[in-house]
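Open the model in your viewer and keep the sequence panel beside it, so that each selection can be made by chain and residue number. The stops below go through one chain, then the place where two chains touch, and then the other chain.

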Amino acid sequence: MTENSKIERVEPIESFSRRDLLRLGVGAGAASLLSACGWKGGKLGRSAFAAAGDLNDWAGEHLWLSPSRLAPTYELAERTPEAAFPAYFISRPVPTLADPAAWGLEIGGLVSRPMRLTLDQLQTLPRLTYTVKHHCVEGWTAIGTWTGVPLAAVAALVEPLPSARYLRFESFDPGYYNGFDLKSAMHPQTILAYAFSDRPLTPQRGAPLRLYSPVKLGYKMTKYLTRIDWTADRPGGYWEDRGYPWFGGI
Amino acid sequence: MSESEPAEPLAPPDPEAEVMVDPVPEAAPPLPAPTSVLRHRWPARVTHWANALLLLGMIASGLQIYGGFPRFGLRGAPPLGPNPFEGVRFPAVVRLGGWLAGGLDWHFTLAWPFVLTGLFYLGFLIVSGEWKSLLFRPSDVPKAWAMQLYYLRLKKEHPPQGKHNALQKAAYSFIFLLGVLSAATGFAIYKPVQLSWLTALFGGYERARYSHFLAVWLFVGFTLLHVVLVFGVDPASLRAMITGRYRGRFPSHD
């Protein structure tokens, strides 16, 4: 008989060894420590987040996003009261144009025909209106009606080059910018919106022109647009650079 | 056998035995080995503890995410249902991630191992046939009732059971289902447009989010009860979940 089996024998029934208890304690202790310190995961943890983030971005674009599935639409009566529909911007006070008449949207980057479009010109392009649910990354939702020109219609005008993979959107809300993958940008419901609730955008909603797409979280839809570039490399973004998911698709 | 019968006299010492030289001192006759059965195979043990940690991380990061909008229902609409945590920002000690984006990082990173662990466990249950000792069936209802009476001390005898009693089967079937539902509601609020059918199945985004949050408290309630019962009723089962071998009071097996 070996020493080990003798030791096992004299152990009382209904017990677990000190080692078991230690293992359990170490596990539970580590876990609560993680939580208590708001631990970001260390170097290994951060690269795990980066790897998982890349995987989720990739899956968001290539597995989850259908190029043709439309976001559900709602009745006008279901709309969220405007006062209850939040509007976010990063600068204070709300960004406004000193001279709205001088505003134009610059479109360039990897396109054959870079151009500048005024609001009037944008409004003569194909028009899409829908009443959809807005999903904020914070967890709230609100239903609203948006009107604008499909980004795909603008793309048809400027003729992106085959090397273009992403779009970069810039804003006169100083510092705000972000990017879309081509597939999300060409989704039939992705628009450059100039009206909310059947009226021209107010400064709070991103006047004079904002990006809108019901297949994206709110922070992906740059307001106060000034410029759009088709790019080969993935642009960052105001919130994305601070740690929010890049793809942000829903 | 009557009391009056004299006890059988002890056998006289054997003179031969005394002269025998035994290099090893005669040990006491071996104790009858405590009943020790292999209760949990390694896939069950590994997934159990992996799941305990993953669930802790999912819940803590989920409570962080909840703080982004600590209520339920569309903006401007009345609350969806009762919520004792309306407007509550949970204390830092139970949150993971530090801020919303950090909580999302943890949640969307751990979600994959959480789902894979669940799928691996399901595969193990099917391949090994272990599901048979865990699945709560209609025929378990009366047995569960008998077990409940025992726990309430209305019945003295512990009802006969297989590997798990009927209440345990109910609990373990429920908790697996809860895991499936929390993952399903999670996907419903992760991709409410791409998976709009799933989101609609749970009554829309806001209700799916409410159900996802409700699952947290069912998990917490289950875990508290689970731990109380392990230590209060059958502490040997903790060792069994670590080493695999069970040597406690309820060794009966299917």
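Begin by selecting A:E170, which stands opposite A:Y177 in strand 6 of chain A; strands here are DSSP runs of E with at least two residues, helices are runs of H or I with at least four residues, and both are numbered from the N terminus. Before going further, note that this is a predicted model, in which local features need pLDDT of at least 70 and side-chain atom pairs count only at pLDDT 80 or more, while totals for chains, interfaces and linings use all residues. Residues are numbered from 1 along each chain as its sequence is written, and chains are lettered from A and ligands numbered from 1 in the order in which they are written.

**Stop 1: strands 5 and 6 of chain A**

Extend the selection to strand 5 (residues 166–171) and strand 6 of chain A, which pair in the antiparallel sense over five bridges; two strands count as paired if DSSP finds at least two bridges between them. Within this pair you can also pick out A:F169, which stands opposite A:N178 in strand 6 of chain A. The two strands form a hairpin with five residues between them, and A:G175 in the turn has a positive phi of about 95°.

Is strand 6 of chain A enclosed or open to its surroundings? Four of the five residues of strand 6 of chain A are buried, so this strand is largely enclosed by the rest of the structure. A residue is called buried if 20 or more other C-beta atoms lie within 10 Å of its own, exposed if 12 or fewer do, and partly exposed in between, with the C-beta atoms placed from the backbone.

**Stop 2: the sheet around them**

Now select strand 10 (residues 225–231) of chain A, which pairs with strand 5 of chain A in the antiparallel sense over six bridges. Here A:S171 has A:L225 of strand 10 of chain A as its bridge partner. These strands belong to an open sheet of five strands in chain A, with the order 2-1-10-5-6 and mixed pairing. Its edge strands, each pairing on one side only, are strand 2 (115–117) and strand 6 (177–181) of chain A. Neighbouring strands of this sheet are turned by 20° against each other on average, direction ignored, where the axes are lines fitted to C-alpha atoms, for helices over the stretch in contact, and angles run from 0 to 180 degrees between N-to-C directions.

At the strand 2 edge, strand 1 (residues 105–109) of chain A runs antiparallel to strand 2 of chain A and is joined to it by three bridges. One pair to display is A:L105 with its bridge partner A:L117.

**Stop 3: strands 3, 4 and 7 of chain A**

Move to strand 3 and strand 4 of chain A, which pair in the antiparallel sense over eight bridges, and find A:V132, whose bridge partner in strand 4 of chain A is A:G144. They too form a hairpin with five residues between them, and A:G139 in the turn has a positive phi of about 115°. Nine of the 10 residues of strand 4 of chain A are buried, so this strand is largely enclosed by the rest of the structure. Strand 4 of chain A is also joined by five bridges to strand 7 (residues 191–196) of chain A, and these two run antiparallel.

**Stop 4: where the chains touch**

Show both chains: the contact between them takes 45 residues from chain A and 42 residues from chain B, and two residues are in contact if their C-beta atoms, placed from the backbone, lie within 7 Å. Helix 2 of chain A gives the most to the side of chain A that touches chain B, with seven residues.

**Stop 5: two helices of chain B**

Finally, select helix 6 (residues 166–190) and helix 8 (residues 205–233) of chain B, whose axes come within 9 Å and cross at roughly 150°. That makes helix 6 of chain B roughly antiparallel to helix 8 of chain B, a description used for angles over 145 degrees, while those under 35 count as roughly parallel, 65 to 115 as roughly perpendicular and the rest as oblique. Among the residues making the contact are B:L178 of helix 6 of chain B and B:F219 of helix 8 of chain B.
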